Amino acid sequence: MPQAANPRQYIISFIFIGLASVILLRLFFLQNFEPKYKILANDIAIYKKVVYPPRGVIEDRKGKVMLSNTVIYDLMVTPRNIVKPFDTTQFCAALDIDKRTFNAIMRRVQERNIDVRQSPFIEQISQEQTARFQENAYMFTGFELVERNIRAYERPIAGILLGYIGEVSPEMLKRPRYASYRQGDYTGLSGLELQYEEELRGQRGVHYLERDKFNRPRDPYKGGILDSQEVSGKSLDLYLDADLQEYAEKLMANKIGSVVAIDPQTGGILTMVSSPTYDPNLLRGHDRAKNYAALYRLATRPMFNRAIQAMYPPGSTIKPFTGLVALNVGAIKPSFGFPCRGSYNLCSRPIACEHKDPGHAANFRLALAHSCNSYFCHVFRMTVDYENFNSVKEGLQAWHDYYNSFSFGRNTGVDIPFEKGGAVPDSAKYNQMYHGNWNSCTIVFVGMGQGELLLTPLQMANGMCIIANKGYYYTPHFVRAIGKNPNDSLLRKYHEKHVVLNIPDTTFNIVQQAMQDVVESGTAAGAKVDGITICAKTGTAENKAIVNGTVIKMANHSMFVAFAPRENPKIAIAVAIENAGFGAAWAAPIASLLIEKYLKDSISAQRKPLEEKMLNAKLIDKYVYTIDSVSRLHDAEVYREKLERKYIADSTKKADDSAAYMRWIDARLRSIKK
């Protein structure tokens, strides 16, 4: 009797037959009815053109274009698509290059990429090269022109803020941020171009074109119904004032330092200068790499953004904050005075003060107006030794917490990359330095802005916003709107008000009045501007350098901070000029000219001589070049030693591997003999 068939066998067979039928039908559909796959199968007749959209335009606060686009062509190559024999001679003639250059570029392309990947052969070719290539493009299969938009800087200013773009590197392509990029794409590499890359970049488009008998792309394939349209990048509207930026850069010419100005009511950055500056147009076009290398080699380091990366002892510009904390914790009252006679002598070593006349530190207002070192050293000690704290360590930690709330010792969060956070020492720092054995005299220099305290110019300007606003600030930022939308989700964090530790308005009023005295009757009398109530503080920061193992006392840094007007403040500013001497001599006049320019839109006739003096001053110290030379030699020696250690380690590893291999061979031979 025959065995009955198992129904499961039929079910399984039916499933496999069904799946196979679906796959075959799908393949049939793709081959005969899906246009995009027909294009891939018939790539000789159909040309796939990748269209790169223009990057977003960047405008200043008045709508003036600072960064736009211009169209160029890159000559791209896909090595595997080159039809041989290839007429190298005619190709080189069309592009006006020699065969040696051709071979060198091809080797570089093949080293960097696999043969099937399209890569740049010559970036940003000239109009003449473009015309000659297009006339003979049908002869050069494997090569094609790709239209791109490169950046055009409308003025030679703000290069370090706006940033620049360049080709994405193989290392960058490995990062998640660049997952949608491919070799040959451009990306922002610094400044706002990098920070807002995703918004500025836009979205690539793809157009399919039919080729003619000479292999030249002509009409849209199927009328363009298969094309995906490119999407232009979003524009950025800035708080930056291009006219003020240009004026600030002129004032800082032939000086090393920085200027930062902020609108206290919004946190919007009005100007940021890192001097020496450079023309951002140097970092576009054929010579971008060469120009970058030249800028990088300069001793004055124009590629280093001193506004957010240079960390200076703030000097006497910190004294308003020393007083603010002391007043708020109750360590002093506004009437507190100190009998300074030209030095502070209550610790183991005297600390010099510029003033010797009796009564110059009879109370807080007078002491700040005259910038008495003795007064603020003692007030700092009174703060950290205050009886409400159990120890100096606890007192210093409380002082540290105040400074941290002022955004000192940490990044402000500004919307350009590579910001440094400065340094505010705490008890742990001094325990490490002095093995737990220290007191208020050990750290007394911090009260006058020296010692281990370091701030960036951006932090100093933001600190002025806090005093101007009587206790709050907005995170400093450049961008006011993205794609004309001021409420873009990326900008929400810049709209949040940050309130510092609980300090009443009455305390801020005391500090503001004393800072007003600094300009009207104190160390910054030269910064006075008719019709504008300026609150300010001068600073002179000691500066030392090590040259060939020897500590050299260099010229002091000239520092100045201010805000104006006192009522309804519209600008807060910090100026730092390296190796320029007293803050009142250089930093204060430059800041006052910028305040006047911003609030009045012009400089008064009586201040024109001061303006001329600042514009023409050359304050770069000769030691800058010596220090840079020594530093580069040291870096080169460190790098050489690193390579030598690596070579020794590699050689040792190879020797060990070789010895291990010989031992293995020897053991095998002995086992065979046995």
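**Exercise 1. Is Gln 512 buried or exposed, and what is its relative accessible area?**

Solution. Start with the number: Gln 512 has a relative accessible area of 1%. Buried means under 20%, so Gln 512 counts as buried. Bear in mind that this is a predicted model.

Next, place the residue. Gln 512 sits in helix α19, which covers residues 505-521.

Then look for its partners. Setting aside residues up to four places away in sequence, Gln 512 touches Ile 467, Ala 468, Lys 470, Cys 535, Phe 563 and Arg 566.

Finally, try a long ruler: from C-alpha to C-alpha, Gln 512 and Leu 209 are 68 Å apart in space, with their positions 303 residues apart in sequence.

**Exercise 2. Find the disulfide and work out why it is called left-handed.**

Solution. A quick reminder: a disulfide is a covalent bond between the sulfur atoms of two cysteines.

Step one is the count, and the structure holds one disulfide. Step two is the pair: Cys 347 is joined to Cys 441, with an S to S distance of 2.0 Å.

Step three is where the two ends are. Cys 347 lies in the loop between β13 (343-344) and β14 (351-352), while Cys 441 lies in the loop between α17 (427-434) and α18 (457-468). They are 94 residues apart, so the bond links distant parts of the chain.

Step four is the handedness. The torsion about the S-S bond of Cys 347 and Cys 441 is about -80°, so the disulfide is left-handed. Both of these cysteines are buried.

Now a check on Cys 377. Cys 377 is in no disulfide; its nearest cysteine sulfur belongs to Cys 347 and is 7.9 Å away. A disulfide needs sulfur atoms within 2.5 Å. Cys 377 is buried too, with a relative accessible area of 0%. As for Cys 92, that residue has a relative accessible area of 4% and is buried.

**Exercise 3. How many residues does the largest nonpolar core have, and which of them have the most contacts inside it?**

Solution. The largest nonpolar core has 142 residues. Those with the most contacts inside it are Leu 238, Met 272, Tyr 375, Tyr 403, Phe 406 and Phe 478. The largest share of this core comes from α18, which gives eight residues.

Zoom in on Met 272. Leaving aside neighbours within four places in sequence, Met 272 is in contact with a list of residues including Leu 161, Leu 240, Val 259, Ile 308, Leu 458 and Phe 478. Polar partners show up on that list as well, among them Gln 245 and Asn 305.

There is also a second, separate core of 20 residues, and it includes Leu 75, Leu 95, Ile 125 and Leu 145.

**Exercise 4. Compare three salt bridges, and sort their residues into buried and partly exposed.**

Solution. The whole structure has 20 salt bridges. Take three of them in turn.

- Arg 177 and Glu 198: the side chains meet at 2.7 Å, N to O. Arg 177 is in the loop between α7 (170-173) and β7 (186-188), and Glu 198 is in helix α9, 21 residues apart. Arg 177 is partly exposed at 37%, and Glu 198 is partly exposed at 41%.
- Glu 578 and Arg 306: the closest N and O atoms are 3.3 Å apart. Glu 578 is in the loop between β20 (571-577) and α20 (587-600), Arg 306 is in helix α12, and 272 residues separate the two in sequence. Glu 578 counts as buried at 16%, and Arg 306 counts as buried at 4%.
- Arg 607 and Glu 596: the closest N and O atoms are 2.6 Å apart. Arg 607 lies in the loop between α20 and α21 (608-616) and Glu 596 in helix α20, so the pair ties together parts eleven residues apart in sequence. Arg 607 is buried at 9%, and Glu 596 counts as buried at 2%.

Salt bridges can also join up. Lys 62, Lys 64, Arg 155, Asp 241, Asp 243 and Glu 246 are linked in a network of them.

**Exercise 5. Which residues make the nonpolar surface patch of about 450 Å²?**

Solution. The patch is made by Ile 11, Phe 14, Ile 15 and Leu 19. Pick Ile 15 as the test case: it is in helix α1, residues 7-32. Patch residues need over 30% relative accessible area. Ile 15 has 46%, which means it is partly exposed.

Terms used:
Residues numbered from 1 in each chain as written. Predicted model: local features only at pLDDT ≥ 70, side-chain atom pairs only at ≥ 80, totals over all residues. Heavy atoms only, no water. Patch = residues over 30% accessible without salt bridge, like charges linked within 9 Å, V, L, I, M, F, W, Y side chains within 5 Å. Areas by Shrake-Rupley, 256 points an atom, 1.4 Å probe, with all protein chains shown as cover. Salt bridge = Lys/Arg side-chain N within 4 Å of Asp/Glu carboxyl O. Helix = DSSP H or I, 4+ residues; strand = E, 2+ residues; numbered from the N terminus. Buried < 20%, exposed > 50% of the residue type's maximum accessible area, 1.4 Å probe, protein only. Core = buried A, V, L, I, M, F, W, Y, C linked by side-chain atoms within 4.5 Å. Contact = heavy atoms within 4.5 Å.
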